[in-house]
Amino acid sequence: LLRARYGAEAGEGDADARAKLYEEAIKEAPSDTSVKCQFWLGRFRDNQLGEALRKAERREVFDRMRGGIARSCPDAREVKDAEVEQKVLDAYVTHLPDVLRAYGKGLKHGGKYAPRALPRLLTLWLAYADALAKWPRAPPAGAEKAHEVMESLAKGVPLHAWLPSTSHLVSRVCHRKQNTRELVGALLAKLLAEYTPQLAWAVVPMTLEANPKSRERKRAHEH
């Protein structure tokens with residue numbers, strides 16, 4: 001694991017080679033340590049996604065080619081909003097499923113890193129769902145792979161691990177993307193069914209407040 005982490009921090013080898021070191025550490029580690037290795041593989045994949053997003057969000061790029069001819073002095077080119085949005089979406093489609101799988105495998109087998117992994121996993125998934133909901137054209141191939149991973153994690157990660165993230169889930173019960181909204185609702189329903197005394201007075205008022213129709217009714221009663 002140390003070799004994999006140091007190699008990742010130093011940028012040694014290509015990304016596939018560094019990921020392989022993490023995967024070897026997971027296979028060779030005892031069960032109690034493999035969760036730690038899985039978490040750090042998640043961090044590595046997370047950093048890959050972060051770097052891809054930073055590149056995608058650049059508002060200026062330098063082109064070395066003009067008219068099919070390579071130039072010694074590249075020209076700066078401003079990147080339009082539509083191109084940035086396309087690159088951001090492509091970065092998510094390429095990297096996010098691996099991030100979710102890596103964090104999720106660790107969460108399925110131990111809760112030690114859940115306070116760090118689960119909020120990050122939810123934040124990335126929901127940010128991607130936001131980007132996809134705003135996308136004006138047909139989504140790219142593979143756009144739903146991240147959601148499929150999340151559906152698997154909703155079934156496979158122990159329910160108690162989701163409990164500290166209840167407020168995070170409640171804040172997104174009205175998500176614009178239908179299958180994201182449905183999965184958030186399903187998770188909350190399972191949590192409420194299992195932990196009714198702990199969550200009833202917290203989740204129900206927050207859910208009503210998140211619902212636009214409920215807010216309108218509340219304002220009508222106040223006036």
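Tutor: Axes here are lines fitted to C-alpha atoms, for helices over the stretch in contact, and angles run from 0 to 180 degrees between N-to-C directions. The structure discussed is a predicted model.

Student: At what angle do helix H6 and helix H9 pack, and how are they oriented to each other?

Tutor: Helix H6 covers residues 145-156 and helix H9 covers residues 178-194, and their axes lie 11 Å apart. Angles under 35 degrees count as roughly parallel. The packing angle is about 5 degrees, and H6 and H9 are therefore roughly parallel to each other.

Student: Which residues of H9 make the contact with H6?

Tutor: On the H6 side, the contact is made by His-147, Met-150, Glu-151, Ala-154 and Lys-155. By class, the contact of H6 with H9 has four nonpolar, three polar and three charged residues. The residues that H9 brings to this contact are Asn-179, Thr-180, Leu-183, Leu-187 and Lys-190.

Student: How are H4 and H6 oriented to each other, and within what distance do their axes come?

Tutor: Helix H4, residues 81-109, crosses H6 at roughly 5 degrees, and H4 and H6 are therefore roughly parallel to each other. The contact draws on Leu-96, Pro-97, Leu-100, Arg-101, Gly-104 and Lys-108 of H4, and on residues of H6 including Val-149, Met-150 and Leu-153. By class, this contact has seven nonpolar, three polar and three charged residues. The axes come within 9 Å.

Student: Why do the buried residues of H6 line one face of the helix, and what arc do they occupy?

Tutor: The buried residues of H6 are Ala-146, His-147, Val-149, Met-150, Leu-153 and Ala-154. An α-helix has 3.6 residues a turn, so residues three or four places apart point the same way. Seen down the axis of H6, the buried residues line one face because they fall within an arc of 155 degrees.

Student: Which helices are among those that cover the buried residues of H6?

Tutor: H4 and H9 are both in contact with H6, through Leu-100 of H4 and Leu-183 of H9, for example. What covers the buried residues of H6 includes H4, helix H5 (114-134), helix H7 (159-162) and H9.

Student: Is Val-93 buried or exposed, and what is its relative accessible area?

Tutor: Val-93 is found in helix H4 and, leaving aside neighbours within four places in sequence, is in contact with Tyr-128, Pro-140, Ala-141, Gly-142 and Ala-143. Val-93 and Ala-141 are 48 residues apart in sequence, yet 8.3 Å apart in space, C-alpha to C-alpha. Buried means under 20% relative accessible area, and Val-93 is buried, with a value of 17%.

Definitions and conventions
Residues numbered from 1 in each chain as written. Predicted model: local features only at pLDDT ≥ 70, side-chain atom pairs only at ≥ 80, totals over all residues. Heavy atoms only, no water. Helix = DSSP H or I, 4+ residues; strand = E, 2+ residues; numbered from the N terminus. Parallel < 35°, antiparallel > 145°, perpendicular 65-115°, else oblique. Contact = heavy atoms within 4.5 Å. Nonpolar A, V, L, I, M, F, W, Y, C, P; charged D, E, K, R; others polar. Buried < 20%, exposed > 50% of the residue type's maximum accessible area, 1.4 Å probe, protein only. Arc of directions from axis to C-beta.
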